[in-house]
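Biologist: I would like a close look at a single part of this protein. Please keep it brisk, and connect that part to what surrounds it.

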Amino acid sequence: MDTPPPNIARVYDYLLGGKDNYASDRALGERIAVALPQVHLGVQAQRAVLRRVVDHLVREVGLRQLIDIGSGLPTAENVHQVAQRIAPDTHVVYVDNDRAVLAHARALLADNKQTVVTDGDLRHPAELLADPVLRAHIDFDQPVGLLLCGILHYILDDEDPYRLVRTLIDQLPSGSYVFVHHLITAGPEVDGDTAEAEAALRQGVGRGQFRTLDEVAAFLDGLELVDPGVVIVPEWRPDTDDPSPAAHPVLRLAAVGVARKP
C-alpha cells in the first residue's frame, strides 16, 4: 500500500506524541520542528487550553453538549475524554471534512455512544448544522458549547470567516458558549525571536491566515466574554506548572477566548 500524503491532523497527532500517523506525517512534522524547534510546545499548549476550556464548560458552566468543528483525530485528552470524565452523560459531536480522519475517528469511537463523528465543512455552516447525525445527537433547545479550536486560521479572508462564525452562533440557543483558538500575527513591535517563530509557523501550516488579537476578538462580538477575555494561550486560566510565554516565543503566537451567548 502506498504511503498517503501528509495530513495536518496526523501531523498534529505526531507532534503531540501520538501513534495515529504515517511516515509522511512524521517527515513533515520533523521539517516543521527543524524550522521551529519549539513547535511541540505550541501544540501541547493548544491541547492544554482545550482541556481547560472543556473543563470550565462542563464542570463550572454545566454544559452537557459540545460540538467540536475541525476536530482532527481524537488523540490523547481530547474533548470527549475530558468532558465525559467529569460528566459521563455529556454528548460530543466531532465535525471534520477529511475522509481519512473521519474513518479513523469513527473506528476509534465506535464503542462510545455519547460521542459521534460526522462530515462537515466550516465553510458551509448552514449545511453543517443541518446534518442529521449532529441533529440526532444535539438538542438545540438546550445550551451548546461550540469549539472552534485551531480551525479559523485555515479560513482565508476572502472566504468571509466572520460571516461563517456568525451563521453558527445565530443558530445556537441562549446560554450557549463559543470557544475560539486562533494563530495570531506577531506584529511589528515584537522581538525578533517571536517574529522568527511566526515565519516558521506560517511555513509549516501552509494555507493559513494569521490575524491580530483584535481580529480574533471580533469573532466573539456581541457575546459575553468569560474572564480573562481574549488573550494569548498561556494566559487563559493557566495551570501552575504551565511554561512561561516569555521564555518560549511560539507560545505568544496563538490567542483564545470563550464567550457566552446572551
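In which helix is the place of Q46? Start there, and follow the contacts outward.

Modeller: One caution before the details: this is a predicted model. The mean pLDDT of the protein is 86, and 87% of the residues score at least 70.

Q46 sits in helix α3. That helix covers residues 39–61, which makes 23 residues. From first C-alpha to last it reaches 32 Å, close to the 33 Å expected at 1.5 Å a residue. Just after α3 comes G62, with a positive phi of about 95°.

Is Q46 buried or exposed? Q46 has a relative accessible area of 15%. The cut-off for buried is under 20%, so Q46 counts as buried. Leaving aside residues up to four places away in sequence, Q46 touches Y12, C149, G150 and H181.

Two of those names lead into the strands. C149 belongs to the set of residues that point one way from β4, together with G145 and L147. L146 and L148 point the other way. In a regular strand the side chains alternate between the two faces of the sheet. Both sets in β4 are buried. Since 5 of the 5 residues of β4 are buried, the strand is largely enclosed by the rest of the structure.

H181 comes in through β5. It is the bridge partner of C149 in that strand. So the Q46 contacts include both members of a bridge pair. The chain crosses from β4 through α8 to β5, and this β-α-β crossover is right-handed. Strand β5 covers residues 177–183, and 5 bridges join it to β4 in the parallel sense.

β4 also pairs with β1, residues 65–69. These two strands run parallel as well, joined by 3 bridges. Here D68 has L147 as its bridge partner in β4.

Now the loop that leaves β4. β4 spans 145–149 and α8 spans 161–171, and D160 is found in the loop between them. The phi of D160 is near 55°, a positive value in a residue other than glycine. Most residues other than glycine have a negative phi, and most peptide bonds are trans. At 34% relative accessibility, D160 is partly exposed. L156 lies in that loop between β4 and α8 too. With a relative accessible area of 24%, L156 is also partly exposed. L156 makes a long-range approach: Q209 is 53 residues away in sequence, yet the C-alpha to C-alpha distance is 5.6 Å.

Another parallel pair is formed by β2 and β3. β2 covers residues 91–96 and β3 residues 115–119, with 5 bridges between them. V93 has V116 as its bridge partner in β3. Helix α5, residues 99–108, completes a right-handed β-α-β unit with β2 and β3.

Further along the chain, some backbone details deserve a look. D227 and P228 are joined by a cis peptide bond, with omega about 10°. P228 lies in the loop between β6 and β7, the latter at 231–232. Past β7, the loop leading to β8 (254–260) holds R237. R237 has a phi near 45°, positive in a residue other than glycine. Its relative accessible area is 31%, and R237 is therefore partly exposed.

Confidence varies among the elements. Strand β6, residues 224–225, has the highest mean pLDDT, at 98. Helix α9, residues 192–205, has the lowest, at 60. Where pLDDT is low, the predicted coordinates should not be read in detail.

Last, the setting of these parts in the whole protein. The secondary structure comes to 10 helices and 8 strands. Of the 262 residues, 52% count as buried; Q46 is one of the buried residues. Among contacts between residues at least 6 apart in sequence, 71% join residues at least 24 apart. The protein exposes about 11800 Å², and carbon and sulfur atoms supply 51% of that area.

To return to the starting point: Q46 is a buried residue of helix α3, in contact with C149 and H181 among others. C149 is one of the buried residues of β4, and H181 is its bridge partner in β5.

How values were computed: Residues are numbered from 1 along each chain as its sequence is written. This is a predicted model: local features need pLDDT of at least 70, side-chain atom pairs count only at pLDDT 80 or more; totals for chains, interfaces and linings use all residues. Side-chain values use heavy atoms; hydrogens and water are left out. Two strands pair if DSSP finds at least two bridges between them. Helices (H or I, at least four residues) and strands (E, at least two) are DSSP runs, numbered from the N terminus. A crossover is right-handed if, with the strands pointing away from the viewer, the path from the first strand over the helix to the second runs clockwise. pLDDT is the predictor's confidence in each residue, from 0 to 100. Buried means under 20% relative accessible area, exposed over 50%, partly exposed in between (1.4 Å probe, protein chains only). Contact means heavy atoms within 4.5 Å. Accessible areas come from the Shrake-Rupley method with a 1.4 Å probe; for residues, only the protein chains shown count as cover. The expected span of a helix is 1.5 Å times one less than its number of residues.
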